[in-house]
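Let us go through this structure step by step, looking in turn at how its helices cross, how its sheet is built and where its chains touch.

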Amino acid sequence: MRIVLAEDHALLRAGLTQLLEAKGFEVVAAVDNLTELERALDDPSADAAVVDVRMPPTFTDEGLRAAIAVRARRPGFPVLVLSQYVEQLYARELLASGEGAVGYLLKDRVSDVAEFVDALHRVAGGGTVLDPSVVAAVLDRRKDTPVDRLTEREREVLALMAEGRANAGIAQSLVVTEKAVAKHINSIFAKLDLPADTDDHRRVRAVLEWLRF
Amino acid sequence: MQPAPTRRAGPLKASGIATAHVLLFTPVVVVFVLVVVSSVLTVVWVGVLLLLAVLPLSRLVADLHRTMAATVLGEPVPSPYLPVPPGPLRGLRARALDPATWRDLLWMMWAMSGGFVLSLLVVVKMLGVITLPLWWYAAVPLMRARSLIDRAILSPGRTEQLERRVHDLTASRAVVVDHSAAELRRIERDLHDGPQARLAAVSLSLGLADDLFETDPDAARRLINEARGTSSTALGELRDVVRGIHPPVLADRGLTGAVSALALDMAVPVELALDVPGRLPAPVESAVYFAVAECLANTAKHAGAGQSWVTLRYDGAVLRAEVGDDGRGGADPRSGSGLPGVAARLAAFDGILSVSSPTGGPTVVSWEVPCASSSPKTTRS
């Protein structure tokens, strides 16, 4: 898979390039500023982008804006946004930028290499990956809503679903069988009045929409 | 901030005030005589007792005329008195030393002579049939002339205004310096107890892992995993510290974006009405952001509210803000360190904070900060 990488910090850029190449990705461009990022994103052979939010020239949110802009030009282009901070506001803007194929993670999640590579694969495959801290904040925020009807275990499953995990991933992380997970998910859909669906990314979107995210 | 100018008085209102001036002539004379006589009598103790009663009376008379001058001119005529300390003798001393007291005496001499003549002229013209047209046209200019002189004598002089400004600035500077020193101590403590300690632990774990690399690879791997977890926690703590100094979203998106982000993190629904085109100076943005954050945090912690709202409006000169909720009210603006800290931070920009929180709610905290826009660029919502 051909990846465009944008990260202004030289050490992190080198580290990420090394990591991605070690895991079988091809880094077609590793850039450190907005102008070069925009040029690299116009390369039709690029399959996905990993983008830092804060970059020159203004060191604010140009990475995020570039990600949203490229998804307007190339609908469904997979972008994984990395940041030192996650903001619900930015997560909302990314989700609104098109159907799936988008991710938003804290930079330190990269330290779990397997998890990070998995997230990138899921985004490239059209899935939605949100940082657990965003998901937790959303779940905390909704009070007096149907989410209260869920059991503790169902809430855990819902949180993992919102992070973009498939049933197998959820089962592994909660140390239960896949069948049990499917049962929980059906129960969640029933309690939240959502029709069951097999497609991972639509599943996440449905959950998030229901959360009025 | 001075209130917006009201309408100037017309001939009828001006004449009403002229009549009041004429009727108040006798009280002014009486008060003047009393002040002079009591001042002379201070050589024996009875004068001091008399002054205790007479000086507040003279201020009352002067304040009454300030209000009348303000009505005629359609502009505020501020009271110039310095604060009076408690205790009869200290109070008397403060009043006697206040230059405004002496200006009041000077003004009384004017009100008993030239000022009285001007007001009397208006009243007399109004009463004579032949002079009636003259009255209609002359009443306003005559009364304006008198009121302008009243104001000139009764308003604080330039020196007094500057003295007061210096006094206010010294006070707000002291509070701001205290506040920022306390903030720096807090940041230092947060860094010392959190990320610093954790990074030391990371380096210790990695050192141990290095040592065990050959002999016990499993233990080394465990230590490396531990170090990774600790460094992640340290990063989280650093993020919290940075958010407390200057939230990244405020730098990215300015006040409206950052307040929207705050609202998203609230458990209570927040209704937003944000009208701040362009960017404000960074220190103002930061002070206002933390003020909103503090108020919303109070709402979440104490109010038990079902709904809250934030209004920000900028008209090119003054930013007006309001944060309210429909909770149980009873918030005390002086308790805790939150709201007093906010007020102190806003005072550095001549901002004024007011809190209304009757028992049973609603709670409304509002403030005004005079400021110039730093860029005409409009932020995206």
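For the helix crossings, an axis is a line fitted to the C-alpha atoms of a helix over the stretch in contact, and an angle runs from 0 to 180 degrees between N-to-C directions. The model is a predicted one.

With that in mind, consider helix α7 (residues 152–162) of chain A and helix α9 (residues 178–191) of chain A, whose axes come within 10 Å and cross at roughly 95°. Because angles of 65 to 115 degrees count as roughly perpendicular, α7(A) is described as roughly perpendicular to α9(A). On the α7(A) side the contact involves Arg153(A), Glu154(A), Val157(A) and Leu158(A), which meet Val181(A), His184(A), Ile185(A), Ser187(A) and Ile188(A) in α9(A). Sorted by class, the residues of this contact between α7(A) and α9(A) are five nonpolar, two polar and two charged.

A second helix pair is found in chain B, where helix α2 (residues 25–41) and helix α5 (residues 99–112) pack at an angle of about 140°, their axes lying 10 Å apart. This angle makes α2(B) oblique to α5(B), and the crossing of the two helices is left-handed. Val28(B), Val29(B), Phe32(B) and Val35(B) of α2(B) make the contact with Leu105(B), Met108(B), Ala111(B) and Met112(B) of α5(B); by class, the contact of α2(B) with α5(B) has eight nonpolar residues, with no polar and no charged ones.

Chain B also holds an open sheet of five strands, arranged in the order β1-β2-β3-β5-β4 with mixed pairing. Since β1 (270–275) and β4 (352–356) of chain B stand at the edges and each has a single partner strand, one side of each is left without a neighbour in the sheet. Strand β1(B) runs parallel to β2 (residues 308–314) of chain B and is joined to it by six bridges, and within β2(B) it is Ser308(B) that serves as the bridge partner of Val270(B). Helix α10 (residues 248–264) of chain B packs on the sheet, where it touches β1 and β2 of chain B, and its direction makes about 180° with that of β1(B). Helix α12 (residues 338–347) of chain B likewise packs on the sheet, touching β4 and β5 (363–370) of chain B, with a direction at about 150° to that of β4(B).

Finally, what does each chain bring to the contact between them? Chain A supplies 13 residues and chain B 14 residues. On the side of chain A that touches chain B, the elements giving two or more residues are α4 (88–95) and α6 (132–141) of chain A, and α6(A) gives the most, with three residues. The residues of this side of chain A divide into three nonpolar, four polar and six charged.

Terms used
Residues are numbered from 1 along each chain as its sequence is written. Chains are lettered from A and ligands numbered from 1 in the order in which they are written. This is a predicted model: local features need pLDDT of at least 70, side-chain atom pairs count only at pLDDT 80 or more; totals for chains, interfaces and linings use all residues. Two strands pair if DSSP finds at least two bridges between them. Helices (H or I, at least four residues) and strands (E, at least two) are DSSP runs, numbered from the N terminus. Two residues are in contact if their C-beta atoms, placed from the backbone, lie within 7 Å. Angles under 35 degrees count as roughly parallel, over 145 as roughly antiparallel, 65 to 115 as roughly perpendicular and the rest as oblique. Ala, Val, Leu, Ile, Met, Phe, Trp, Tyr, Cys and Pro count as nonpolar, Asp, Glu, Lys and Arg as charged, and the others, Gly among them, as polar. A crossing is left-handed if the near helix is turned anticlockwise from the far one by less than a right angle, and right-handed if clockwise.
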